[in-house]
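This report covers a ligand shell, a set of annotated positions and one helix. The sequence and structure come first.

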Amino acid sequence: GTILVLNGPNLNLLGQRQPEIYGAETLADVEAACRTLAAELGFDLAFRQSNREYELIDWIHDARETARAIVINPAAFTHTSVAILDALNTFEGPVIEVHISNVHQREAFRHHSYVSQRADGIVVGCGTQGYELALQRVARLLG
Ligand code: DQA
């Protein structure tokens, strides 16, 4: 089975973007760590990033046929997107939400997540390790 890892806007700049908040690792580093762990756990991995809301939605729709679980860092769309929540509600498998930073320590507008209403689990403030924790959780849920 395949696990889809989805990344929202500005995460292509991970490593360059506010490293004091998001750390020095790039998204390619995160992808490499996820690939290693997914292989150990016995899953295939699809790893994607987009700055476009519609593209993330289309990938969630595709996942209905192609993925057993979704790990998603919706980035700023977390706090704005009913459309991503609605798309995730069409997906039957486990969904784990990831935030690299501790959003609850930051601005009030980051404290609410539309996606959390659908998420089976949330990993917040664990840095880029959060993606690996989410994959471990998915593997447990898929049994
Ligand atoms: C983020 C937190 C969001 O508030 C922010 O808009 C991001 C990244 C995180 O991973 O900490 O782009 O999702």
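## Basis

Helices and strands are DSSP runs numbered from the N terminus, a helix being H or I over at least four residues and a strand E over at least two. The model described here is predicted.

## Annotated positions

His 79 sits in the loop between S3 and helix H4 (82–88). Outside its neighbours within four places in sequence, His 79 has contacts with Phe 109, Arg 110, His 112 and Ser 113. Because 16 other C-beta atoms lie within 10 Å of it, His 79 is partly exposed. Asp 86 belongs to helix H4. Asp 86 has 13 C-beta neighbours inside 10 Å and therefore also counts as partly exposed; the class begins above 12 such neighbours and ends below 20.

Both residues carry the feature "binding site" in an unreviewed UniProt entry, which places it at Asn 73, His 79, Asp 86, Ile 100, Ser 101 and Arg 110. These positions span 38 residues of sequence and are spread in space as well, with up to 24.3 Å between C-alpha atoms.

## Ligand shell

Around the ligand are Asn 10, Asn 73, Ala 75, Ala 76, Thr 78, His 99, Ile 100, Ser 101, Val 103 and Arg 110. Divided by class, this shell holds 5 polar, 4 nonpolar and 1 charged residues. Among the shell residues, Asn 73, Ile 100, Ser 101 and Arg 110 also appear in the UniProt annotation.

## Helix H5

Helix H5 comprises 14 residues, 129–142. From first to last C-alpha it reaches 20 Å, close to the 20 Å expected at 1.5 Å a residue. Just past the end of H5, Gly 143 adopts a positive phi of about 60 degrees.

The buried residues of H5 are Gly 130, Tyr 131, Glu 132, Ala 134, Leu 135 and Val 138. Their cover includes strands S1 (2–7), S3 (69–73), S4 (95–99) and S5 (121–124), together with helix H2 (27–41).

## Leu 141

Leu 141 is also in H5. Which residues does Leu 141 contact, leaving aside its neighbours within four places in sequence? They are Pro 94 and Asp 120. The C-alpha atom of Leu 141 is separated by 9.2 Å from that of Ala 69, which is 72 residues away along the chain.

Is Leu 141 buried or partly exposed? A buried residue needs 20 or more other C-beta atoms within 10 Å. Leu 141 has 15, so it is partly exposed.

Notes: Residues are numbered from 1 along each chain as its sequence is written. This is a predicted model: local features need pLDDT of at least 70, side-chain atom pairs count only at pLDDT 80 or more; totals for chains, interfaces and linings use all residues. A residue is near a molecule or strand if its C-beta atom, placed from the backbone, lies within 6 Å of it. Ala, Val, Leu, Ile, Met, Phe, Trp, Tyr, Cys and Pro count as nonpolar, Asp, Glu, Lys and Arg as charged, and the others, Gly among them, as polar. The expected span of a helix is 1.5 Å times one less than its number of residues. Two residues are in contact if their C-beta atoms, placed from the backbone, lie within 7 Å. UniProt positions are given in the numbering used here, feature names are shortened, and annotations may be inferred rather than shown by experiment.
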